[in-house]
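Let's take a friendly walk through this model, from its overall make-up to its interior. Keep the structure open beside you as you read.

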Amino acid sequence: MIFLKQAWAATWRLLAFFTIWGGLSGPFIVPIASRRRDTPVTPTLQLYFDAVSLLTMIAVAWIVTRFIDRRPFQSLGFRTAGLVRDMTAGLLIAAVMTAAALGITVVAGWARIDERASGIGVPFVILALSVAANSVAQELLFQGYVLQTIDRQFNTAIAVAGTAVLFTV
């Protein structure tokens, strides 16, 4: 019986999060996406979708942590102490991992670099911003709210397993 109460406590909070997020982000995404059903998504449009997802997710995380969970928004990992150091380290790690992945794919012959199109320019910056927005949104959702919500009701092992299952869906 205790397990069912814990499961319900986590489930309704997660359902509330996703419902509010869908309600906030839908009006910004659905009209545009439905008009472009048969055309490819441009990098600029992808950046728009990712930015809307991130901004609405931040808003929902604030609403849910403040009014449903009754805990500070900073509990999701938003702290100012060490912010510059942590962001610099994260960006450096991301750059090294990206370069390693690109290097491996080129060396293995799975990709090639076209010298005519490899200039750093606006498309690369838009892509980088889009990837960053998407990554932050995923971290906020899965490592922030979902993991902590399950962990508060159960334990860390169940939270990690549950988050992994939800992330793969």
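## A word on "buried"

In this report, a residue is called buried when its relative accessible area is under 20%, worked out with a 1.4 Å probe. Please keep in mind that the model is predicted.

## The chain as a whole

The protein chain holds 5 helices and 0 strands, so reading from the N terminus the order of elements is simply α-α-α-α-α. Its C-alpha atoms fit a box of roughly 65 × 40 × 30 Å along the principal axes. Of its 169 residues, 24% are buried. Among contacts between residues at least 6 apart in sequence, 69% link residues at least 24 apart.

On the outside, the accessible surface amounts to about 11,600 Å², with 71% of this belonging to carbon and sulfur atoms. As for charge, there are 13 positive and 8 negative side chains, and the centres of these two sets are 11 Å apart.

## Helix α2 and its buried side

Helix α2 is made of 26 residues and covers 36 Å from its first C-alpha to its last, close to the 38 Å expected at 1.5 Å a residue. Which residues of α2 are buried? They are Leu45, Phe49, Asp50, Val52, Ser53, Leu54, Thr56, Met57, Val60, Ala61, Val64 and Thr65. Just after this helix comes Arg70, with a positive phi of about 55 degrees.

## Helix α3

Helix α3 runs over residues 83-107, which makes 25 residues. From first C-alpha to last it reaches 36 Å, close to the 36 Å expected at 1.5 Å a residue. Gly109 follows α3 and also has a positive phi, in this case near 85 degrees.

## The largest nonpolar core

In soluble globular proteins, nonpolar side chains tend to be buried together. Here the largest nonpolar core has 19 residues, and those touching the most other members are Phe17, Met57, Ala61, Leu76, Leu141 and Tyr145. Three helices, α1 (2-35), α2 (43-68) and α4 (122-153), each supply at least two residues of this core. The most comes from α4, which gives 8 residues.

Leu141 is a good place to zoom in. What does Leu141 contact, leaving aside its neighbours within four places in sequence? Its partners are Phe17, Phe18, Trp21, Met57 and Val146. Two of these names may look familiar: Phe17 and Met57 were listed with Leu141 among the core residues that touch the most other members. Met57 is also one of the buried residues of α2.

Methods
Residues numbered from 1 in each chain as written. Predicted model: local features only at pLDDT ≥ 70, side-chain atom pairs only at ≥ 80, totals over all residues. Heavy atoms only, no water. Core = buried A, V, L, I, M, F, W, Y, C linked by side-chain atoms within 4.5 Å. Buried < 20%, exposed > 50% of the residue type's maximum accessible area, 1.4 Å probe, protein only. Helix = DSSP H or I, 4+ residues; strand = E, 2+ residues; numbered from the N terminus. Contact = heavy atoms within 4.5 Å. Expected span 1.5 Å × (residues − 1). Areas by Shrake-Rupley, 256 points an atom, 1.4 Å probe, with all protein chains shown as cover. Lys, Arg positive; Asp, Glu negative; His and termini not counted. Charge placed at Lys NZ, Arg CZ, Asp CG, Glu CD.
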